[in-house]
Amino acid sequence: MGIIEEVLQNYALEGQVNSCERYGSGHINETYLVKTDRKNYILQKINNSIFKNVPALMDNIEAVSKHLKNKGYDERHNLSIVYTKDGKHHVHMQDGSYWRVYHFVTDSISLNLCQSAQDFYHSAAGFGTFQSLLYDFDADVLTETIPRFHDTPDRYRQLHAAIAADPLHRAEEAKEEIAFALSQEKNAGFLMDLLQKGELPLRVTHNDTKLNNVMLDAQTRKPICIIDLDTVMPGLVANDFGDSIRFGASTALEDEQDLDQVELSLDLFDIYTKGFLEHCGKYLTEKEIDTLPYGAKLMTLECGVRFLTDFLNGDTYFRVSREKHNLIRCRTQFKLVQRINENLNVLHAIIQKYKQSLQ
Ligand code: ADP
Ligand code: GN1
Ligand code: MG
């Protein structure tokens, strides 16, 4: 019997399993679509070299999901765990692997590129609503699943270590990207410094708000459910806002090789700001709103630095499917950082426009 069959024996799924195929385009976990003759499920092998404490991670997800359930969100509108026959939220196999099953969000799509501005508006409404629903969630019950996840200066420390070690002699090939990264290092701690000074509040945030982590209704394209709750932890709202911009306000895929295709769409930035602030703006402080553009800048920079570090280290973190994949991803991020830098005043003006309409 294969490992997947063995894992599934722990579950009382409805119907007979007909198929189980690799699914989705996440970079971290191994995702499968399980089809029975009655319904679909999502099965995931959790990446436990990245998530060191899987039981605690699953406790986090269970707590967030219960919080949303208590607010009236059902299985289609709230990522819901399917429990094992003996009531566990995950399975730990003899070979050391960890697995979980989720209810499938029916009649939904997840996108890697917006097909229209409305798609991005709806994703902003989804993440903004999620933020507002976590407003009264007790952060103390959460374990930090990846320490210093969005500590950008710490990401730079990891980059410096990778450059110094250069285990695969890739630094020469990436010298332009390294030079760009270092040219941007000075202000990398801007948001972390404001947090430390008490000028920005620590909230419970999603921390991985890319477009393909919100399921949209296949017909209406409205947001249904926020998924990928592995990194729900204390964090900054600017980072959630910024990570969405990084991925979704680009005119090209995250791994587009032709950099001429990669631009920051100011229209998409505008519509995301509108959707996000309409749905959670009233919970945010003035300073939080004012600093949202820095979230876009720093999340994009940080992600580029992470891709570059992983390229230098030999692609041990993000799943890759072609040669130089992480270097290609790094290049799109750095192109977007340049565009964000050039347009920072415009981005601030857009934020102020929607901030005013909140009053
Ligand atoms: P990763 O951490 O690797 O990004 P995700 O949890 O985001 O993994 O899942 C990868 C993809 O699988 C998602 O982008 C989405 O397309 C799909 N997916 C995940 N969970 C569900 C679900 N409950 N219902 C429907 N699709 C899902
Ligand atoms: C990963 O899991 P996924 O593919 O949604 C990563 C994010 C990065 C993103 C870049 C736990 O997100 O932090 O921003 O790739 N998740 C983790 O696309 O590291
Ligand atoms: Mg994901």
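**Exercise 1. Asn-29**

In which loop is the place of Asn-29? Then decide whether Asn-29 is buried or exposed, and find its polar contacts.

*Solution.* Keep in mind that this is a predicted model.

Step 1. Locate the residue. Asn-29 sits in the loop between β1 (17–22) and β2 (30–36).

Step 2. Check the accessibility. Asn-29 has a relative accessible area of 8%. Buried means under 20%, so Asn-29 is buried.

Step 3. Look for partners. A polar atom of the Asn-29 side chain lies 2.9 Å from the backbone nitrogen of Asn-47. The side chains of Asn-29 and Asp-230 are joined by a polar contact of 2.9 Å.

Step 4. Turn to ligand 1. Asn-29 is one of the residues that come nearest to ligand 1.

**Exercise 2. Around ligand 1**

How many residues are around ligand 1, and which come nearest? List polar contacts to its oxygen atoms.

*Solution.*

Step 1. Count. There are 20 residues around ligand 1. Those that come nearest are Asn-29, Gln-44, Val-105, Ser-110 and Asn-212.

Step 2. Take the backbone contacts. A backbone N or O atom of Asn-212 lies 2.9 Å from an oxygen atom of ligand 1. For Ile-28, a backbone N or O atom is 3.2 Å from an oxygen atom of ligand 1.

Step 3. Add a side chain. Asp-228 places a polar side-chain atom 3.0 Å from an oxygen atom of ligand 1.

**Exercise 3. The magnesium ion**

Which residues are the protein donors of the magnesium ion (ligand 3)? Where in the chain do Asn-213 and Asp-228 lie?

*Solution.*

Step 1. Name the donors. They are Asn-213 (OD1) and Asp-228 (OD), 2.2 to 2.3 Å from the ion.

Step 2. Place them. Asn-213 is in the loop between β8 (203–205) and β9 (214–217). Asp-228 is in the loop between β10 (223–226) and β11 (233–235). The pair therefore ties together parts that are 15 residues apart in sequence.

Step 3. Check accessibility. Asn-213 is buried, at 5% relative accessibility. Asp-228 is partly exposed, at 24%.

Step 4. Link the sites. Asp-228 also has its polar contact to ligand 1. Asn-213 has a polar side-chain atom 3.1 Å from an oxygen atom of ligand 2.

**Exercise 4. Around ligand 2**

How many residues surround ligand 2, and which are the closest? Follow the arginines among its contacts.

*Solution.*

Step 1. Count. Ligand 2 is surrounded by 17 residues. The closest are His-27, Lys-210, Glu-254, Arg-306 and Tyr-317.

Step 2. Take the arginines. A polar side-chain atom of Arg-306 lies 2.8 Å from an oxygen atom of ligand 2. For Arg-246, the distance from a polar side-chain atom to a ligand 2 oxygen is 3.4 Å.

Step 3. Look for a pair. Arg-246 and Glu-254 meet in a salt bridge, 2.8 Å from N to O.

Step 4. Check cover. Arg-246 is buried at 4%, and Glu-254 is buried at 10%.

**Exercise 5. Salt bridges**

How many salt bridges does the count come to? Examine two pairs that link distant parts of the chain.

*Solution.*

Step 1. Recall the principle. Side chains of opposite charge can pair when their charged atoms come close.

Step 2. Count. The total is 26 salt bridges.

Step 3. Take Arg-76 and Asp-217. Their side chains meet at 2.9 Å, N to O. Arg-76 is in the loop between α2 (54–70) and β4 (81–82), and Asp-217 is in strand β9, 141 residues apart. Arg-76 is partly exposed at 22%, while Asp-217 is buried at 12%.

Step 4. Take Lys-287 and Glu-199. The closest N and O atoms are 3.3 Å apart. Lys-287 is in helix α9 (residues 286–290), and Glu-199 is in the loop between α6 (190–196) and β8, 88 residues apart. Lys-287 is partly exposed at 34%, and Glu-199 is partly exposed at 36%.

Step 5. Find a network. Salt bridges link Arg-148, Asp-151, Asp-154 and Arg-157.

**Exercise 6. Disulfides**

How many disulfides does a search of the whole structure find? Why is Cys-225 too far from the closest cysteine sulfur for a bond?

*Solution.*

Step 1. Search. The result is 0 disulfides.

Step 2. Test Cys-225. The closest cysteine sulfur, in Cys-280, is 17 Å from the sulfur of Cys-225. A disulfide needs the sulfur atoms within 2.5 Å, so the distance is too far for a bond.

Step 3. Check accessibility. Cys-225 is buried at 2%.

Note on methods: Residues are numbered from 1 along each chain as its sequence is written. Chains are lettered from A and ligands numbered from 1 in the order in which they are written. This is a predicted model: local features need pLDDT of at least 70, side-chain atom pairs count only at pLDDT 80 or more; totals for chains, interfaces and linings use all residues. Side-chain values use heavy atoms; hydrogens and water are left out. Donors are N, O and S atoms within 2.8 Å of the metal (3.2 Å for Na, K and Ca); water is not among the atoms, so sites may look incomplete. Helices (H or I, at least four residues) and strands (E, at least two) are DSSP runs, numbered from the N terminus. Buried means under 20% relative accessible area, exposed over 50%, partly exposed in between (1.4 Å probe, protein chains only). A salt bridge is a side-chain nitrogen of Lys or Arg within 4 Å of a carboxyl oxygen of Asp or Glu. A residue is near a molecule or strand if one of its heavy atoms lies within 4 Å of it. A polar contact is a pair of N or O atoms within 3.5 Å; within protein, one must be able to donate a hydrogen and the other to accept it, and residues adjacent in sequence count only if both atoms are side-chain atoms.
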